[in-house]
Amino acid sequence: MSRTVLAVLNRPSNSAAPRDPAAPLFSFADPLRPQLNVQDLGVTRGDGIFESISVVRGIPHALEAHLARFTHSAEVLELPAPDLATWRQAIRAVVERLDPVAEGFVRAVLTRGVEGDARPTGWVFASVSTDHSVARTRGVRVVLLDRGLRHDVGRTSPWLLSGAKTLSYAVNRAALREAARRNADDVLFVSSDGFVLEGPTSSLIYLRDGQLRTPATESGILEGTTQGDAFQWARQRGLGTGFELLTPIELGHTDAAWLVSSGRLAVPIRVLDGRPHPVRADMTADLNGYLLTREASVG
Ligand code: PLP
């Protein structure tokens, strides 16, 4: 048992040659020792994809939804399709060896591999999560930042890879530093034609006209697994759900809004662009309770 467990995949994709024909599907490796070739395109170009999967009391949450998005991201980047049976096995294996903690996460990474080698690189690691309980109860201050792209870039400019979870997160990290400069904790991106999109590491959901809603995914954003499960929660509670294009002014008039993601789960927005935003503590607690126990009986 340890606090970080790493497994390197020998054959991340069936359609590419294995790293070593004689080796098993994946091998555990020391997470404190270097494992990557410095010419790996995942490192030199951010040319690859990843998934972050939450682990609650030893159970990876929304695993199949994450694996489906992993496959979709590979398709969008024209990477060899991941061999999901191997990835599933490797994910479960690293989780089993992780310290028994209340909350952890698994990161699965697939890159285009070393330039000229034509073999993708893949690895998974499980680790212990930081404590998100304060953000979940207290909420976050969010600023709106222009992403500089129209909401329909997915259709007009597919080479921008919208909707894929790529390794190129430098822009998302820069946006969070800009939020800190503006005395905020997080960001919501807005399209250049004026629609609210998503956070740098989260989806937006909000309560409007008695329904739980989220920005339409054709607006060039990632389809969130947590947003999907939050909608399940809403339907179980008899709330309607919907997708729509929403302006920042309309967001300011919603009855509550949350950033949702696999790691933090549902975090209420308490300040939006410097103005207090209504928080529904009762709904937040109920939603997070649902998200934390959603797969307790599935395994
Ligand atoms: N949108 C972006 C850009 C993200 O990076 C993430 C998660 O990291 C999400 C949305 C939320 O996705 P999920 O709920 O599957 O974690």
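Colleague: How do the residues of the shell around the ligand divide into nonpolar, polar and charged?
Modeller: This is a predicted model. The ligand has 17 residues around it. They divide into 4 nonpolar, 10 polar and 3 charged.

Colleague: Which residues around the ligand come nearest?
Modeller: A residue belongs to this group if one of its heavy atoms lies within 4 Å of the ligand. Of the 17 residues that do, the nearest are Lys165, Tyr169, Thr225, Thr226 and Ser262.

Colleague: How far is an oxygen atom of the ligand from the side chain of threonine 225?
Modeller: Take the polar contacts in turn. A polar backbone atom of proline 200 is 3.5 Å from a ligand oxygen. For lysine 165, a polar side-chain atom lies 2.7 Å from a ligand oxygen. For threonine 225, an N or O atom in the side chain is at 2.7 Å.

Colleague: What share of the ligand's exposed area does the protein bury?
Modeller: Start with the ligand taken alone, which exposes 380 Å². Elements giving two or more residues to the shell are H2, helix H7 (225–236) and strand E12 (256–261). Of the ligand's area, the protein buries 94%.

Colleague: Is glutamate 78 buried or exposed?
Modeller: Glutamate 78 sits in the loop between helix H2 (63–76) and helix H3 (84–97). Its phi is near 55 degrees, positive though the residue is not glycine. Exposed means over 50% relative accessible area. Glutamate 78 has 68%, so it counts as exposed.

Colleague: Where is alanine 118 placed?
Modeller: Alanine 118 has a phi near 60 degrees, again positive in a residue other than glycine. Its relative accessible area is 68%, so alanine 118 is exposed. Its place is the loop between strand E5 (103–111) and strand E6 (121–128).

Terms used. Residues numbered from 1 in each chain as written. Predicted model: local features only at pLDDT ≥ 70, side-chain atom pairs only at ≥ 80, totals over all residues. Heavy atoms only, no water. Helix = DSSP H or I, 4+ residues; strand = E, 2+ residues; numbered from the N terminus. Buried < 20%, exposed > 50% of the residue type's maximum accessible area, 1.4 Å probe, protein only. Polar contact = N/O pair within 3.5 Å; in protein donor to acceptor, adjacent residues only side chain to side chain. Areas by Shrake-Rupley, 256 points an atom, 1.4 Å probe, with all protein chains shown as cover. Nonpolar A, V, L, I, M, F, W, Y, C, P; charged D, E, K, R; others polar.
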